[in-house]
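Q: Please take a close look at one part of this chain and describe how its strands are arranged and joined. I would like a connected account and not a list.

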Amino acid sequence: MKRADVVLGLIVLAACAVWLGARALLRQNGAYVVIRQNGELFGSYELNEDREIDIGSGNHLSIRDGCARMTAADCPDRICMDQGKISVRGAVITCLPNRVTVQITGAGAADDKGLDAIVY
Ligand SMILES: [Zn+2]
């Protein structure tokens, strides 16, 4: 291997490291999962703490590995379950039939401005 090849390899590696670092910073993982039911605060939970939550009788949310996911729902369309895992600040899972929203926020519920409005 020529010296120029090694230098080029190092440059490519450095570029990858910078790109990955920037991506991690921009992603801004949230810190809390804020659950609302009928527009009222149901609860707020740390995203980095694995937990299983029954939201009323109709929905079940799993918080695992820094992601929140609706794992069970009795709504007819199951769109909330199709929304998959959320972990980035501002991301929302909505279950319209059961009037449940799950939002990732950067701080606890006290500091949470919540969603502006939800039209059911
Ligand atoms: Zn649903």
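**Strands, pairings and turns**

A: In this predicted model, strand 1 (residues 32-37) and strand 8 (residues 100-105) run antiparallel and are joined by 6 bridges. Within that pairing, Gln 37 of strand 1 has Val 100 of strand 8 opposite it. The two strands belong to an open sheet of 4 strands, ordered 2-1-8-7 and paired in antiparallel fashion. Its edges are formed by strand 2 (40-46) and strand 7 (92-95), each of which pairs on one side only. On average, and with direction ignored, neighbouring strands of this sheet are turned by 15 degrees against each other.

For the wider setting, the chain contains 2 helices and 8 strands, and from the N terminus on its elements follow the order α-β-β-β-β-β-α-β-β-β. Of the 120 residues, 20% count as buried, and among the contacts with a separation of 6 or more, 36% come from residues 24 or more positions apart.

The remaining strands to consider lie in another open sheet, likewise described by 4 strands, with the order 3-4-5-6 and antiparallel pairing. Strand 3 (51-55) and strand 6 (85-86) stand at its edges, and because each has a single partner strand, one side of each is left without a neighbour in the sheet.

Strand 4 offers the detail worth following residue by residue. Towards strand 3, with which strand 4 runs antiparallel, there are 5 bridges, and here Ser 62 of strand 4 has Glu 52 opposite it. Strand 3 and strand 4 form a hairpin with 3 residues between them, and in its turn Gly 56 has a positive phi of about 60 degrees.

Towards strand 5 (residues 67-73), strand 4 (residues 59-64) again runs antiparallel, through 6 bridges. Ile 63 stands opposite Ala 68 of strand 5, while Arg 64 has Cys 67 as its bridge partner in that strand. The hairpin made by strand 4 and strand 5 has 2 residues between the strands, and Asp 65 takes a positive phi near 55 degrees there.

The residues of strand 4 can also be sorted by face. In a regular strand the side chains alternate between the two faces of the sheet. In strand 4, Asn 59, Leu 61 and Ile 63 make up the covered face, whereas His 60, Ser 62 and Arg 64 make up the uncovered one. Ile 63, which has Ala 68 opposite it, is thus placed on the covered face, and Ser 62, which has Glu 52 opposite it, is on the uncovered face.

Terms used. Residues are numbered from 1 along each chain as its sequence is written. This is a predicted model: local features need pLDDT of at least 70, side-chain atom pairs count only at pLDDT 80 or more; totals for chains, interfaces and linings use all residues. Two strands pair if DSSP finds at least two bridges between them. A residue is buried if 20 or more other C-beta atoms lie within 10 Å of its own, exposed if 12 or fewer, and partly exposed in between; C-beta atoms are placed from the backbone. Two residues are in contact if their C-beta atoms, placed from the backbone, lie within 7 Å. Axes are lines fitted to C-alpha atoms, for helices over the stretch in contact, and angles run from 0 to 180 degrees between N-to-C directions.
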